[in-house]
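Biologist: Please take a close look at one part of this model, a single loop residue and its setting. Then carry on to the rest of the chain, and keep it brisk.

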Amino acid sequence: MLPEHQGKLPNFWYILANEHGCLRIQFLDHFDEPQEFWIHIQKDCCCSNCNPKLQLSKLDNHYLYGECGNSLNARCKKVLELITTWVENQASVAFPNPLFKPTVYSFISADQLMQLAKDAHVIMNLDKLHKALGSWCFFQTHSPELLVNL
Ligand SMILES: [Zn+2]
């Protein structure tokens, strides 16, 4: 970009278009938003710079993006809810250090959860579970139980 063109562009837009950091943080920072707007940032489900696989719709008033594209149907949502509850229980066992508060995503990624929710009805054995998850560090120890929960 020609320097004289860059000079005409508000700095905020220049940074937004050129930096590959978190889009949400750039809005929060630019508008000097209060602390309550900054909590609940999860890289897996934050913005399309943090997770390029997200299909984003509009920002809400806390700069959180809505879902769009292939959103989940009711059956998938139910499955997702069940798996998430199971993961929450497992996570506290898997990370027993009381100083470390694990989130669902320290145990399984958002992508993997989404894949399970979509494929649960066709995952009948460990082989199919492995295909749906790809590499998952708790596969050895937790896959049979996860399969039962699907
Ligand atoms: Zn982000």
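Modeller: Asp-32 is exposed, because its relative accessible area is 68% and the cut-off for exposed is over 50%. Keep in mind that this is a predicted model. Asp-32 sits in the loop that links α3 to β1 (56–59). Its backbone stands out. Phi at Asp-32 is positive, about 50 degrees, and the residue is not a glycine. Most residues other than glycine have a negative phi.

Stay in that loop for a moment. Lys-43 also belongs to the stretch between α3 and β1. Lys-43 counts as exposed too, with 58% relative accessibility. Exposed does not leave Lys-43 without partners: setting aside residues up to four places away in sequence, it touches Cys-50 and Asn-51. Lys-43 can also be placed against Cys-22. The two are 21 residues apart along the chain, and their C-alpha atoms are separated by 8.7 Å.

Now step back to the helix that leads into the loop. Helix α3 spans residues 23–30, and Leu-23 is part of it. Is Leu-23 buried or exposed? Leu-23 is buried, because its relative accessible area is 13%, and buried means under 20%. That sets Leu-23 against Asp-32, which is exposed at 68%. Leu-23 also gives a longer ruler across the model. From Leu-23 to Phe-107 there are 84 residues in sequence, and the C-alpha atoms lie 25 Å apart.

Next, the C-terminal helices. Helix α6 covers residues 110–119, and helix α7 covers residues 126–133. Their axes run 9 Å apart and meet at an angle of about 135 degrees. So α6 is oblique to α7, because angles over 145 degrees would be needed for roughly antiparallel. Who makes the contact? On the α6 side it is Gln-112, Gln-115, Leu-116 and Asp-119. On the α7 side it is Leu-129, Ala-132 and Leu-133. Sorted by class, this contact has four nonpolar residues, two polar ones and one charged one.

Leu-129 leads on to the next helix. Helix α8 runs over residues 139–149 and holds Ser-143. Ser-143 is buried, because its relative accessible area is 3%, under the 20% limit. Which residues surround Ser-143, once neighbours within four places in sequence are left aside? Ser-143 is in contact with Leu-126, Leu-129, Trp-136 and Phe-138. Leu-129 therefore appears twice: in the contact of α6 with α7, and beside Ser-143 of α8.

Last, the whole chain. The protein has eight helices and two strands. Along the sequence they follow the order α-α-α-β-β-α-α-α-α-α. The loop with Asp-32 comes between α3 and β1, at the step from α to β in that pattern.

The overall shape is worth a check. The radius of gyration is 19 Å, whereas a compact globule of 150 residues would be near 15 Å. The C-alpha atoms fill a box of roughly 60 × 35 × 25 Å along the principal axes. Of the 150 residues, 29% are buried, Leu-23 and Ser-143 among them. The accessible surface is about 10,000 Å², and carbon and sulfur atoms account for 57% of it. As for contacts with a separation of 6 or more, 42% join residues 24 or more positions apart.

Technical notes. Residues are numbered from 1 along each chain as its sequence is written. This is a predicted model: local features need pLDDT of at least 70, side-chain atom pairs count only at pLDDT 80 or more; totals for chains, interfaces and linings use all residues. Side-chain values use heavy atoms; hydrogens and water are left out. Axes are lines fitted to C-alpha atoms, for helices over the stretch in contact, and angles run from 0 to 180 degrees between N-to-C directions. Helices (H or I, at least four residues) and strands (E, at least two) are DSSP runs, numbered from the N terminus. Angles under 35 degrees count as roughly parallel, over 145 as roughly antiparallel, 65 to 115 as roughly perpendicular and the rest as oblique. Contact means heavy atoms within 4.5 Å. Ala, Val, Leu, Ile, Met, Phe, Trp, Tyr, Cys and Pro count as nonpolar, Asp, Glu, Lys and Arg as charged, and the others, Gly among them, as polar. The radius of gyration is taken over C-alpha atoms; the globule rule is 2.2 Å times the number of residues to the power 0.38. Buried means under 20% relative accessible area, exposed over 50%, partly exposed in between (1.4 Å probe, protein chains only). Accessible areas come from the Shrake-Rupley method with a 1.4 Å probe; for residues, only the protein chains shown count as cover.
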